[in-house]
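Reader: I have a protein–DNA model open on my screen. Could you walk me through the terms as we go?

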Number of protein chains: 2
Amino acid sequence: MRVLVATCAVDYSGRLSAHLPLATRVIMVKADGSVLVHSDGGSYKPLNWMSPPCTVRVTPPSVEQAADGVREVWTVSAAKSEDQLVIALHEVLHDVSHDLGVDPGLVKDGVEAHLQKLLAEQVQLLGAGHTLVRREFPTAIGPVDLMVRTPGGASVEAGVPVRHVAVEIKRRATIDAVEQLTRYLELLNRDPLLAPVRGVLAAQSIAPQARTLAVDRGIACLVLDYDAMRGVDDPDSRLF
Amino acid sequence: MRVLVATCAVDYSGRLSAHLPLATRVIMVKADGSVLVHSDGGSYKPLNWMSPPCTVRVTPPSVEQAADGVREVWTVSAAKSEDQLVIALHEVLHDVSHDLGVDPGLVKDGVEAHLQKLLAEQVQLLGAGHTLVRREFPTAIGPVDLMVRTPGGASVEAGVPVRHVAVEIKRRATIDAVEQLTRYLELLNRDPLLAPVRGVLAAQSIAPQARTLAVDRGIACLVLDYDAMRGVDDPDSRLF
DNA sequence: AAGTTCAGATCGTCC
DNA sequence: GGACGATGTGAACTT
């Protein structure tokens, strides 16, 4: 890892074109050759960058560039595309290098997979008497997050008692989640062993447009309270 | 801006929980107080971070932590949420600070807005005689990128001449874009003043599955050549 | 290798 | 101020 603080101008060309005027910035060069250009604000996203695999070629400035104060020109080229980042280095204020070694990696907790596991253990949140058929219920167009069986005659749709519920789980549900669940339901309801299958969209938050579309398509919405669900960790409470 | 190279362990708690074991990393502290923790690989995204507005509080280690080699504990707290980042600093290998000033900012070219503007000026790419009704044509479920009027009797659908074309513009069109345009068309075709409305998916690149679905739904696909469209800046050439 | 899905997204814009 | 769409998304996993 090499970190520089330097005045520089940057040009990116590739999927789009982007230009950074001359200013003082932080440049990080990682061990894999990837480059990040950060300003002193904004977000965690660099102003410009090049993803690995890529290579850095350092060249002296042209006579004209040298007259403008350019000391070095870095050309960062992507290995598998035409993407290119050109950094015109002017004054270098700091320049440190260090071998960091391989990072042991990030351990996460609380993502969608946990929501799915918790709801699978607490299917009664979908209604008393519901039982889990299985998580990641396979279909031809991909797995349904949860397939649940309702108690006998729990509800009736078009004169036929609904016996199965397909659940799509999201941290934040948008209109895309409704489309996804709709595709699953269309397919599942062609299976006479399952049909009619009702749909439930379960999420920590549901966008208003998603809720509107879901209701319009007869899909129920269930807002999940992650903290409350995590609090219910008594194994006895899972069995009803 | 302050940049450190240091061995550290990091814990994040907030929307989820994440833990970073002890290792050597780069820590950036920006002028607005935001913090980024980078490893020597991965992408431009930090392993952990805290977005502004936030505050950093530095405290001495507990006796137990000190025995483990912790020199300082940084507690980074978000101003408007419970999110918290705790950095246990062990050995500090580099520590540099510099005032970068305000960045003049990034200038972008070639994003979807440019494509929309160019196609609005070159609607003849949709067919000779087509004229622009308006960009961002409003509907109840959001604006259609372009609404275009065809020349009289340009084509016939179900015995009725098509007079309007709704255009969805993307840099890269995926199946989502087809779904989006389908929702617009369903709505627009309920309006007797507009119906029948044909759909066109215009993009620099169109995913094979998106093209298949579009064709299946009677939506035309148009691949846009950004460089060529940008080259057409002669007003005379627009009128054919 | 290509497609699908998730992620602590951030950012601008428009209502 | 909330909602919604775009972004040079990246990374893991499946097919």
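Author: Gladly! Helices (H or I, at least four residues) and strands (E, at least two) are DSSP runs, numbered from the N terminus. A residue is near a strand of DNA if one of its heavy atoms lies within 4 Å of it. With that, β4(B) gives the most to the surface near DNA strand C, with three residues. This is a predicted model, in which local features need pLDDT of at least 70, side-chain atom pairs count only at pLDDT 80 or more, and totals for chains, interfaces and linings use all residues. Side-chain values use heavy atoms, without hydrogens and water, residues are numbered from 1 along each chain as its sequence is written, and chains are lettered from A and ligands numbered from 1 in the order in which they are written.

Reader: What makes the pair formed by Gln209(B) and DNA strand C a polar contact?

Author: A polar contact is a pair of N or O atoms within 3.5 Å. A side-chain N or O atom of Gln209(B) is 2.3 Å from a phosphate oxygen of DNA strand C, so the pair fits the definition. Asn48(B) has such an atom 3.0 Å from a base oxygen of DNA strand C.

Reader: How do you know that the two copies are related as by a two-fold rotation axis?

Author: Copies are superposed by least squares on the C-alpha atoms of residues with pLDDT of at least 70 in both. Chain B falls on chain A after a rotation of 175° with 0.3 Å of shift along the axis (RMSD 1.2 Å). The copies are therefore related as by a two-fold rotation axis. Of the residues of chain B, Lys45(B) comes closest to that axis, at 3.4 Å (C-alpha).

Notes:
Polar contact = N/O pair within 3.5 Å; in protein donor to acceptor, adjacent residues only side chain to side chain.
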